[in-house]
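Please open the model in your viewer and set the display to cartoon, with side chains available on demand. The stops below are arranged so that each selection leads on to the next.

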Amino acid sequence: MSENDVKSFVYQWFAAFDHQRESGYFVNRIATPVKMQYPGTPIASIEDFLAWYQGVTDNIVWNSHNIVSMDVQGDQQSGWMVSYDVRWKARSKNNESYDMIVHQELKVIRVGDALKLAKLEAKVVE
């Protein structure tokens with residue numbers, strides 16, 4: 001697999017959030033043990049992710065993610081470290097609007113013929 005495969009994986013991950021895909025789409029792309037940190041929300045298990053995502057789908061009626069920049073380093077043997085900024089815009093069911101830039105650091109690994117998210121750390125920068 002190549003750097004382009006990793007970038008495609010990340011773009012597809014966000015496209016799935018934009019369309020609020022079923023939770024199984026994400027679960028199939030998360031490696032275990034789960035190591036994820038969204039702003040204010042540590043996620044240490046698939047159950048934690050499912051609870052977090054349920055909160056998203058219960059409260060957000062529209063959202064979009066625009067990756068501003070992305071750097072990928074690594075290889076198939078050790079995995080890839082991916083660093084990027086993503087602009088998240090959203091509107092909640094109670095009509096609140098969100099517009100922020102979030103910096104994320106990922107580790108993506110190859111498991112068989114698939115890529116999986118092994119680690120995610122996110123923090124709001126703007």
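The tour of this predicted model proceeds from a pocket to strand pairings and then to two residues.

**Stop 1: the largest pocket**

Begin by selecting Y38, W52, V56, H65 and W88, which are the lining residues nearest the centre of the largest pocket. The complete lining comprises 20 residues, and the pocket has a volume of about 390 Å³. Next, colour the contributing elements: α1 (3-18), α3 (46-59), β3 (60-75), β4 (79-92) and β5 (97-111) each provide at least two lining residues. Which element gives the most to the lining? It is β5, with 4 residues. Colouring the lining by class shows 14 nonpolar and 6 polar residues, and no charged residues.

**Stop 2: β3 and β4**

Keep β3 and β4 displayed and show their backbone atoms. The two strands run antiparallel and are joined by 14 bridges. They form a hairpin, with 3 residues between the strands. To locate one position in the pairing, select I67, which stands opposite V86 in β4.

**Stop 3: β4 and β5**

Now add β5, which pairs with β4 in the antiparallel sense over 12 bridges. These strands also form a hairpin, here with 4 residues between them. In the turn, select N95, where phi is positive at about 70 degrees. Then select R91, which stands opposite S97 in β5.

**Stop 4: Y98 in β5**

Select Y98, a residue of strand β5. Is Y98 buried or partly exposed? Its relative accessibility is 28%, so Y98 counts as partly exposed. Leaving aside residues up to four places away in sequence, Y98 touches I60, W88, K89, A90 and S92. Among these contacts is W88, already selected as one of the residues nearest the pocket centre. For a distance across the model, pick the C-alpha atoms of Y98 and Y25: they are separated by 24 Å, and the residues lie 73 apart along the chain.

**Stop 5: Q104 in β5**

Finish with Q104, also found in strand β5. At 4% relative accessibility, Q104 falls under the 20% cut-off and therefore counts as buried. Display its side chain together with that of Y84: the two side chains make a polar contact at 2.6 Å. Beyond residues up to four places away in sequence, Q104 touches F14, Y38, V82, S83, Y84, V86, L120, E121 and A122. This list includes Y38, which brings the selection back to the residues nearest the centre of the largest pocket.

Terms used: Residues numbered from 1 in each chain as written. Predicted model: local features only at pLDDT ≥ 70, side-chain atom pairs only at ≥ 80, totals over all residues. Heavy atoms only, no water. 1 Å grid on protein atoms, 1.4 Å probe; cavity = no way out; pocket = protein on both sides within 12 Å on 5 of 7 lines; lining within 4 Å. Points joined across faces, edges and corners; volume = space filled by probe spheres on them. Nonpolar A, V, L, I, M, F, W, Y, C, P; charged D, E, K, R; others polar. Pairing = 2+ DSSP bridges. Buried < 20%, exposed > 50% of the residue type's maximum accessible area, 1.4 Å probe, protein only. Contact = heavy atoms within 4.5 Å. Polar contact = N/O pair within 3.5 Å; in protein donor to acceptor, adjacent residues only side chain to side chain.
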